[in-house]
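Subject: A structure for you to look through

Dear colleague,

I am passing on the structure that we talked about, and I would be glad if you could open it beside this message. Please look at it first, and then read the notes that follow.

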Amino acid sequence: MTAEQTFYLKTHPSRLFYKTAIPGAIGMIASNIYFSAEMLLIGRFLGQTAFAGGNLANPLLLIAYAVADMIAVGSSIGISLRLGEGKKDEADRMFTLAVISSSILSTITSVLLTLAGPFIFRLMGADDVLTKEAVSYLGTYTIFIPLTSLVFVFDNYLRICGWVRFSMVMNIVMAILCLSFEILFLYVFRLGIGFAALGTSLGMSISCIICMIPFLKGRMSLKFVKLKRIKETIREITTQGLPSFLNNTSGRISSVLMNSLLLRIGGDTAVSIFGVFMNIDGIIVPGMYGVFDSLQPAIGYNWGAGRKDRSNKIAARCIAALAVMCIIFTILMELFPGRIFSLFLETGEEELTLAVHAIRIMALTYLVRWISYSGQSFSSAIGKSGEATLLSICNALVFPVLMMLILMNKGLEGLWYVTPCAAVLTAIAAIIIYIARIRRFTTRT
């Protein structure tokens, strides 16, 4: 039994949670906070138009990263299950194929986004000035995507190999590098939004190369090997990673539609308000993701080893942590909406009043969001890709679009309620799926 297997299979669930989930959550927040910090710096130093342009481009950028994340999540589940079953050779082959596939797909995606970006921004209703800002921001990022996307891939594999603290440290280092370049370009040299994207890309690229070195030198338990059964492995990786991909891409499609409606009804101000909420969301969600994602290898190891009761105990601690996190963030957003908005933009009294009202409504999303996210993450970790995919689509696309269609006639007031209403519906769907699983289990026993 390897050291990783001993750690995930033998460590007490509570101790495992504290040693893995907390560093994982900190690392994931650190690895994503620079996106929010980047938008904060753009809003502060470049103004509302640049801030709105960055928020129009962000959903498309995150779709590109979602491709790599799909490979990372899908392969991590398969690798963890195989290591739990003692199939080391198959785990190595899946690891090797995942790295190669992620590089190829990310390159293709970056080219497509570069070509399609300007058309999409104009289709959303952006004028020439706003389109120019969005294109400059997105175009710079796409140059680096084939390398920077591998950050998410190798971060997952570091945790599988038991290097949880190293993963956390590298995510913090990456955040520091990104912010340092951002401040240098925007504050010191007073450059434009394209250099904001350049700063983050440089920080991510440096961190990615450092994370790759232990694998390239053969120091990790996962090794690069010759490929076999490529089609079957790709099919499995895609199937297991599809829920995460659908959640990410569907969510970005919903954001594009939402931004389009907001731009037409409320202009740059409405887009900026929603952008502030999404940037706060970009801190909360990685924290939730980090808790479950860090313990996904443990859940997969134990599930693959036939120790399902232990998997459930580990998951229960994750769910409790997510609930606490979401409630705390809801309280903070309800108490300090004006201060949160003012961190990103300096606006007039009328715009600030609108922002305070909107943020307090959208903050209600997190009262129930932990329910659907827990259900989706656990289903994905144990290989129930159908359940996870259904929840992903409901959470990120079906229910948000449904609520947009129902509430758009109410103007901006209706659009602010889209995310909390969609979260409630998805939570109900997650509970129904959980009850159905329990009934199936009871029937079989």
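The helices named here are DSSP runs of H or I that hold at least four residues, and they are numbered from the N terminus. Please keep in mind throughout that this is a predicted model.

Let me begin with Cys211, which is found in helix α8, the stretch that covers residues 193–216. Its relative accessibility is 9%, and because buried means under 20%, Cys211 counts as buried. Leaving aside residues up to four places away in sequence, Cys211 touches Phe154, Leu158 and Met170. You can also find Tyr157 in this part of the model: 54 residues separate Tyr157 from Cys211 along the chain, while their C-alpha atoms are separated by 9.7 Å.

Cys211 also leads us to a cavity. The count comes to 2 cavities of 30 Å³ or more, and the second largest of them holds about 50 Å³ of space. Which residues line the second largest cavity? They are Val151, Asp155, Ser167, Met170, Asn171, Met174, Ser207 and Cys211. At least two residues of this lining are supplied by each of α6 (150–160), α7 (164–188) and α8, and the largest share, 4 residues, comes from α7. Sorted by class, the lining of the second largest cavity has 4 nonpolar, 3 polar and 1 charged residues.

The next residue to find is Asp281, whose place is in helix α9, residues 230–304. Is Asp281 buried or exposed? Its relative accessibility is 9%, so Asp281 counts as buried. Its side chain makes a polar contact with the side chain of Arg369, at 2.5 Å. Not counting residues up to four places away in sequence, Asp281 touches Arg369 together with Pro286 and Tyr366.

Finally, please look at helix α10, which has 28 residues, 308–335. At 1.5 Å a residue, α10 should span 40 Å, and its end C-alpha atoms are 41 Å apart, so the expected span and the model agree. The buried residues of α10 include Arg310, Ser311, Ile314, Ala315 and Cys318, and, further along, Ala321, Leu322, Met325 and Cys326. As you look at that list, it may help to recall that an α-helix has 3.6 residues a turn, so residues three or four places apart point the same way.

With best wishes

Terms used:
Residues are numbered from 1 along each chain as its sequence is written. This is a predicted model: local features need pLDDT of at least 70, side-chain atom pairs count only at pLDDT 80 or more; totals for chains, interfaces and linings use all residues. Side-chain values use heavy atoms; hydrogens and water are left out. Buried means under 20% relative accessible area, exposed over 50%, partly exposed in between (1.4 Å probe, protein chains only). A polar contact is a pair of N or O atoms within 3.5 Å; within protein, one must be able to donate a hydrogen and the other to accept it, and residues adjacent in sequence count only if both atoms are side-chain atoms. Contact means heavy atoms within 4.5 Å. On a 1 Å grid over the protein atoms alone, a cavity is a set of points where a 1.4 Å probe fits but cannot get out, and a pocket is an open set with protein on both sides within 12 Å along at least five of seven lines; lining residues have an atom within 4 Å of a point. Grid points are joined across faces, edges and corners, and a volume is the space filled by probe spheres set on the points. Ala, Val, Leu, Ile, Met, Phe, Trp, Tyr, Cys and Pro count as nonpolar, Asp, Glu, Lys and Arg as charged, and the others, Gly among them, as polar. The expected span of a helix is 1.5 Å times one less than its number of residues.
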